[in-house]
Amino acid sequence: QVQLVESGGGLVQPGGSLRLSCAASGSIFSINDMGWYRQAPGKERELVATVSSGGSTKYADSVKGRFTISRDNAKNTTYIEMNSLKPEDTAVYYCHARVAYTRWAMGGFWGQGTQVTVSS
């Protein structure tokens, strides 16, 4: 199986920065897209940013210019650098990856989530 483990969440003041990491491990043949999603209380889970295996990125309009997603293919890890954080960025952030766990089988996997709270 495949496990995704996130780290780096916490409490930060408005205008501050945080960096989240997500490491994939287990039975991995290759990893396609990796991404970050978030879910605030009472709201649906939403896309924050994704990065392809080739490094192409996509961002939600609400985070463009403030968040930067990256990945280290050698470490099966994705990162998201979050700057100029706002209270509305408060949410549980989830890592997602589309993983080929054999040459012929692929699936989507989620991390357990990490809380990000932006508050003074």
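Strands here are DSSP runs of E at least two residues long, numbered from the N terminus. With that in hand, take Ser119 as a way in: this residue sits in the segment after strand 11, which covers 114-118. Keep in mind as you look around that this is a predicted model.

Ser119 is partly exposed, at 38% relative accessibility. Follow the chain back and you get to Lys86, 33 residues away in sequence, yet the C-alpha atoms of Ser119 and Lys86 are separated by just 8.0 Å. Another serine gives a similar kind of contact to look at. Ser21 belongs to strand 3, and its C-alpha atom is 8.1 Å from that of Val5, with the two positions 16 residues apart along the chain. Is Ser21 buried or exposed? The relative accessible area of Ser21 is 18%, and buried means under 20%, so Ser21 counts as buried.

Right next to it in the numbering comes a cysteine, and that brings us to the disulfide. A search through the whole structure turns up one such link. Cys22 and Cys95 are the partners, with their sulfur atoms 2.1 Å apart. The link has -80° about the S-S bond, which makes it left-handed. What does it hold together? Cys22 is part of strand 3 (residues 18-26) and Cys95 is part of strand 9 (residues 91-100), so the disulfide ties together parts that lie 73 residues apart in sequence. As a reminder, a disulfide is a covalent bond between the sulfur atoms of two cysteines. Cys22 has 0% relative accessibility and counts as buried, and Cys95 is buried too, at 0%.

Now for the aromatic rings. The search of the whole structure finds three aromatic pairs. One of them joins Tyr37 and Trp110 edge-to-face, at 5.1 Å centre to centre and with 70° between the planes. Tyr37 comes from strand 4 (residues 30-39) and Trp110 from strand 10 (residues 106-110), so this pair, too, bridges parts that are 73 residues apart in sequence. How accessible are the two partners? Tyr37 is partly exposed at 21% relative accessibility, and Trp110 is partly exposed at 39%.

Tyr101 and Phe109 make up another pair. Their ring centres are 6.0 Å apart and their planes meet at 80°; planes over 60 degrees apart count as edge-to-face, so that is the label this pair gets. The two partners fall into separate accessibility classes: Tyr101 is partly exposed, at 35% relative accessibility, while Phe109 is buried, with a relative accessible area of 14%.

Go back to Tyr37 and Trp110 for a moment, since ring pairs link these two and Tyr94 into a cluster. Trp110 also has a charged neighbour: Arg45 lies over the face of its ring, 4.6 Å from the ring centre. Elsewhere, Arg19 does something similar with a tyrosine. The charged end of Arg19 sits over the ring of Tyr79, at 4.2 Å from the centre of that ring.

What about empty space? The largest pocket holds about 190 Å³. Its lining is made up of 14 residues, and Arg38, Ala40, Lys43, Glu46 and Glu88 are the ones nearest its centre. Sorted by class, that lining has eight charged residues, three polar and three nonpolar.

Finally, a couple of backbone spots are worth a click. Which residues other than glycine have a positive phi? Asn76 is one of them, with phi near 50°. Asn76 is found in the loop between strand 7 (67-72) and strand 8 (77-82), and it is partly exposed at 25% relative accessibility. Ser84 is also one, with a positive phi of about 50° although it is not a glycine. Ser84 is placed in the loop between strand 8 and strand 9, where its relative accessible area of 41% makes it partly exposed.

Terms used: Residues are numbered from 1 along each chain as its sequence is written. This is a predicted model: local features need pLDDT of at least 70, side-chain atom pairs count only at pLDDT 80 or more; totals for chains, interfaces and linings use all residues. Side-chain values use heavy atoms; hydrogens and water are left out. A disulfide is a pair of cysteine sulfur atoms within 2.5 Å. Helices (H or I, at least four residues) and strands (E, at least two) are DSSP runs, numbered from the N terminus. Buried means under 20% relative accessible area, exposed over 50%, partly exposed in between (1.4 Å probe, protein chains only). On a 1 Å grid over the protein atoms alone, a cavity is a set of points where a 1.4 Å probe fits but cannot get out, and a pocket is an open set with protein on both sides within 12 Å along at least five of seven lines; lining residues have an atom within 4 Å of a point. Grid points are joined across faces, edges and corners, and a volume is the space filled by probe spheres set on the points. Ala, Val, Leu, Ile, Met, Phe, Trp, Tyr, Cys and Pro count as nonpolar, Asp, Glu, Lys and Arg as charged, and the others, Gly among them, as polar. Rings of Phe, Tyr and Trp (its six-membered ring) pair if their centres lie within 6.5 Å; planes under 30 degrees apart count as stacked, over 60 as edge-to-face and the rest as tilted. A charge sits over a ring if NZ of Lys or CZ of Arg is within 6 Å of the ring centre and within 35 degrees of the ring normal.
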